[in-house]
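Me: Please go through the structure shown here with me, one question at a time. Keep the answers short and end each on what was asked.

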Amino acid sequence: MSQDSIAAPESVRKLSGRRRREVVAVLLFSGGPIFESSIPLSVFGIDRQDAGVPRYRLLVCGGEEGPLRTTGGLELTTPYGLEAISRAGTVVVPAWRSITSPPPPEALDALRRAHEEGARIVGLCTGAFVLAAAGLLDGRPATTHWMYAPTLAKRYPSVHVDPRELFVDDGDVLTSAGTAAGIDLCLHIVRTDHGTEAAGALARRLVVPPRRSGGQERYLDRSLPEEIGSDPLAEVVAWALEHLHEQFDVETLAARAYMSRRTFDRRFRSLTGSAPLQWLITQRVLQAQRLLETSDYSVDEVAGRCGFRSPVALRGHFRRQLGSSPAAYRAAYRARRPHGDQLASAPVEHVPAQASPQIRRAAAAAAQAGSAAASSAVPEPVKSYSEAFASGQGRPSLPGQRSAP
């Protein structure tokens, strides 16, 4: 769903007469990160007509009383307040200060009015939480930074969160992953409004690629840092990835590393930033997700093939991490797949290219289990995760590198 894959749905409202398509309002809040906040200001607020980039009119709006403090202690004052949003054809929320606290009600009302009057609403990174709080993502696909995706899915279960995408364009509501993906989405908006040449000219000015291939999966599925390749734990991790279909626990891994459970926990966390139990559960859920997407195994069979002690355990972890039951996930995945598409095996991107051979082989073995399931259940090869969701398929994967916030 990243890139230019989604046509505007028929339900997109006609733009109100008082709003102008070339007017972009950027809604800022106190406590927002300065980098994300500056992205739409740079893309839409600088006149680059000499380079062939059509001009937008930028309105920088305060979402609450100022002055606004940014990361680093900077103080900002905005030239406009919420009333200026009434003129904008595009409203961008570049960030929100806290994924657990509610945004100001007045700002949410302004966003709802803008959407009802046909404005395009954009949430960059944690800005998706503001859109979700306003109810604008209900029943829609969306993304955010992979680290915050589980929280978004739990807090707003009606949102179809997919942390694998760099951005999601659902017509009149668009969301992006973190930081650099905000640039990707802003370039996509320029491309949508004014064509490939204009977006390419802007990308050259910003010295960034006009389009980035792939999605966040290269980051969220990178369950281990590159440094672990030479660490003694690499062999233990490789064994775990190769044997996800078996029932074993962290005590088993600690014993294979010839460490006490306490020492193993501390060493594993220092290397990966994640507790070993959370990492193991994440890998099992990821494998379950693959099998649900690429096979016709029952939920009970999927649980057994992913090392869960029972289907109840699978359902509990799956729902906690993805905000959905395995059966509902599969149903939603298949409902969103275009008619006639075949399922496909997903590429393995669990580990970086620099990782040790043991890790690379283990990752390949882990994915082969999903591929074997697919070949036994489906007659033709399947698309990658990114291609699948780009066609309107699927719901979230789970970040495996760091513990969810």
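**Salt bridges, strands and surface**

Reply: To begin with a side-chain pair in this predicted model, Asp-193 and Arg-120 meet in a salt bridge, with 2.9 Å from N to O. Asp-193 belongs to helix α5 (residues 180-194) and Arg-120 to strand β6, so the pair ties together parts that are 73 residues apart in sequence.

Me: Is Arg-120 buried or exposed, and at what relative accessible area?
Reply: Its salt-bridge partner Asp-193 is partly exposed, with a relative accessible area of 27%. Buried means under 20%. Arg-120 falls under that cut-off and is buried, with a relative accessible area of 8%.

Me: Which residues do salt bridges with shared partners join into one network?
Reply: The count of salt bridges comes to 14. Some of them share partners, and the network they form consists of Arg-18, Arg-19 and Glu-117.

Me: What separates Arg-112 and Asp-109 along helix α2?
Reply: The side chains of Arg-112 and Asp-109 meet in a salt bridge of 2.7 Å, N to O. Arg-112 is partly exposed at a relative accessible area of 29%, and Asp-109 is partly exposed at 35%. The two are 3 residues apart in helix α2, so what separates them is about one helical turn.

Me: Asp-47 and Arg-55 also meet in a salt bridge; what is the relative accessible area of Arg-55?
Reply: The N to O distance in this pair is 3.4 Å. Asp-47 counts as partly exposed, at 38% relative accessibility. Exposed means over 50%. Arg-55 is exposed, because its relative accessible area is 53%.

Me: How many bridges join strand β1 to strand β2?
Reply: β1 covers residues 20-28 and β2 covers residues 57-62, and the two run parallel. One pairing is that of Val-26 with its bridge partner Val-60 in β2. Helix α1 (residues 34-45) makes a right-handed β-α-β unit with these strands. The number of bridges between β1 and β2 is 6.

Me: Which residue in β5 stands opposite Ala-25?
Reply: β1 is also joined to β5, by 4 bridges, and the two strands run parallel. The residue of β5 opposite Ala-25 is Val-91.

Me: How many residues of strand β5 are buried?
Reply: β5 covers residues 88-93. Parallel to β5 runs β1, joined by 4 bridges, and 4 bridges also join β5 to the parallel strand β6. Strand β5 is largely enclosed by the rest of the structure, because the buried residues number 6 of the 6.

Me: Which helix makes a right-handed β-α-β unit with β5 and β6?
Reply: β6 covers residues 120-124 and runs parallel to β5. Within this pair, Val-92 stands opposite Val-122 in β6. The helix that completes the right-handed unit covers residues 105-116 and is α2.

Me: What accessible area does the nonpolar surface patch of Ile-34, Phe-35 and Leu-74 have together?
Reply: Ile-34 is found in helix α1. The patch rule asks for over 30% relative accessible area. Ile-34 meets this, because it is partly exposed at 34%. With Phe-35 and Leu-74 counted in, the patch has an accessible area of about 270 Å².

Me: Which residues does Asp-138 touch, not counting those up to four places away in sequence?
Reply: Asp-138 has its place in the loop between α3 (127-133) and β7 (141-142). At 44% relative accessibility, Asp-138 counts as partly exposed. From C-alpha to C-alpha, Asp-138 and Tyr-156 are 7.9 Å apart in space and 18 residues apart in sequence. The residues that Asp-138 touches are Ser-158 and Val-159.

Me: Turning to the whole chain, what share of its residues counts as buried?
Reply: The secondary structure comprises 16 helices and 10 strands. Among contacts between residues at least 6 apart in sequence, 73% join residues at least 24 apart. Of the 405 residues, the share that counts as buried is 54%.

Me: What share of the accessible surface of the chain belongs to carbon and sulfur atoms?
Reply: The accessible surface of the chain comes to about 16,700 Å². Of this area, the carbon and sulfur share is 51%.

How values were computed. Residues are numbered from 1 along each chain as its sequence is written. This is a predicted model: local features need pLDDT of at least 70, side-chain atom pairs count only at pLDDT 80 or more; totals for chains, interfaces and linings use all residues. Side-chain values use heavy atoms; hydrogens and water are left out. Buried means under 20% relative accessible area, exposed over 50%, partly exposed in between (1.4 Å probe, protein chains only). Contact means heavy atoms within 4.5 Å. Accessible areas come from the Shrake-Rupley method with a 1.4 Å probe; for residues, only the protein chains shown count as cover. Two strands pair if DSSP finds at least two bridges between them. A crossover is right-handed if, with the strands pointing away from the viewer, the path from the first strand over the helix to the second runs clockwise. Patches are made of residues with over 30% relative accessible area and no salt bridge: like charges are joined within 9 Å, nonpolar side chains (Val, Leu, Ile, Met, Phe, Trp, Tyr) within 5 Å. A salt bridge is a side-chain nitrogen of Lys or Arg within 4 Å of a carboxyl oxygen of Asp or Glu.
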